[in-house]
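Here are my notes for you to read with the structure open. Take them one at a time and find each spot as you go.

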Amino acid sequence: MRRFMALTVVGSIAFDSVRTPFGERDRMLGGSAVHFALAASFFTKVRVVGPVGEDFGEEELSVLTGHGIETADIERVPGGETFFWRGHYEHDLNVAHTDDTQLNVFAEFEPKLSDASRSSEVLFLGNIQPDLQRRVRAEANGARFVALDSMNLWIDTARDSLVKAIHEIDCLLLNDAEIRMLTDEPNLIHAARAVHEMGPRIVVAKRGEYGAVLFSPEGAFALPALLLEEVRDPTGAGDSFAGGFLGYLDGLGVAEPPLDELRRAMVYGSTMASFNVEDFGTERVRRLERAEIDARLSEFKALTHFEE
Ligand code: AMP
């Protein structure tokens, strides 16, 4: 089977301080691009684009390179500080609160992609300021399948830029509440239709512990999340989902994946998200083995199978 050569991602590369009912961590490695890249690295070659500060050390970088992730387009800004996010979750882990966001080196970031990153056929515009997403989209002239994630902060503060960014992509991945917020449509089917009208032919609504729904021109597909005994920190679940989803699609090497492949990609996305939430930050995915992914895929099949 033909494979695309690699997948490029831009998004936050961060230090996260997170508190959940099950513990807390200070300044752990995180960010949308990091969670995405780690998950996708199980399926394909990944190139990360973005800035870090001087506080981002060899130890952090080696988590990425140790997974075969290409870091040549990670720019270290002299005197700069890495993006920082602080958040906490309620007893119901679906309820997340942002306590602090410091863009730091992202505030002045001028994306410059290497030829290799520019020519990637699959591009993920991870959650970050939408004007930056647009600039990377414009530079990545080899991209044939472009997906984008965002969040309530940017819908609130940079809506026009975000809508322009959404015009230029093939696939939007967003939390269900954020899709409703973006489109001002309470019904998810109507909201997905409104997104289709903005440009993307594929819309994935992420629904936290309740799974995810995909809307495509060929039809819709809904998947629950796996039922897990151990859930400690949902941070990065959305990006891990996107990493499994796009990593799998990149492996197929087709710019217009049919619905049956999109369904499989949803299962890989959910599988990667299920690992991510079992421990803090990147801790679980860092020690993940490929065989565990295959085993969990079978669990998914058993959980969702029924006979008519
Ligand atoms: P999620 O997959 O939605 O849980 O995303 C979690 C990651 O998003 C964390 O590791 C944060 O560093 C990152 N993050 C939080 N807020 C922002 C923001 N405004 N822009 C970019 N990344 C963010």
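The points below go through the sheet first and then the salt bridges.

1. Before anything else, keep in mind that you are looking at a predicted model.

2. Start with the open sheet, which is built from 9 strands. Going across, the order is β5-β4-β1-β8-β9-β10-β11-β12-β13, and the pairing is mixed. At the edges sit β5 (74–76) and β13 (219–223), each of which pairs on one side only. On average, neighbouring strands of this sheet are turned by 15° against each other, direction ignored.

3. Now zoom in on one pair of strands. Strand β1 (residues 7–10) and strand β8 (residues 122–125) run parallel and are joined by 4 bridges. Which residue stands opposite Val9 in β8? Look for Phe124. Helix α1 (residues 32–40) packs on the sheet here, touching β1, β4 and β8. The direction of α1 makes about 160° with that of β1.

4. On to the charged side chains: how many salt bridges does the count come to? The total is 19. Let's walk through a few.

5. Try Asp149 and Lys206, whose side chains meet in a salt bridge at 3.2 Å, N to O. Asp149 belongs to strand β9 (residues 145–149) and Lys206 to strand β11 (residues 202–206), so this pair ties together parts that are 57 residues apart in sequence. Are these two buried or exposed? Asp149 counts as buried because its relative accessibility is 4%, under the 20% cut-off. Lys206, at 8%, counts as buried too.

6. Compare that with Arg27 and Asp55, a salt bridge with its closest N and O atoms 3.1 Å apart. This one also links distant parts of the chain: Arg27 is in strand β3 (residues 23–30), while Asp55 is in the loop between β4 (46–52) and α2 (58–65), 28 residues apart. Arg27 is partly exposed, with a relative accessible area of 35%, and Asp55 is partly exposed at 28%.

7. For a pair inside one helix, go to Arg264 and Glu261, where the closest N and O atoms are 3.1 Å apart in a salt bridge. Both lie in helix α10 (residues 259–276), 3 residues apart, about one turn of the helix. Arg264 is partly exposed at 41% relative accessible area, whereas Glu261 is buried at 15%.

8. Last stop: Glu278, Arg284, Glu292 and Arg296, which are linked in a network of salt bridges. Have a go at tracing that network yourself.

Conventions:
Residues numbered from 1 in each chain as written. Predicted model: local features only at pLDDT ≥ 70, side-chain atom pairs only at ≥ 80, totals over all residues. Heavy atoms only, no water. Salt bridge = Lys/Arg side-chain N within 4 Å of Asp/Glu carboxyl O. Helix = DSSP H or I, 4+ residues; strand = E, 2+ residues; numbered from the N terminus. Buried < 20%, exposed > 50% of the residue type's maximum accessible area, 1.4 Å probe, protein only. Pairing = 2+ DSSP bridges. Axes fitted to C-alpha atoms, helices over the stretch in contact; angles between N-to-C directions. Contact = heavy atoms within 4.5 Å.
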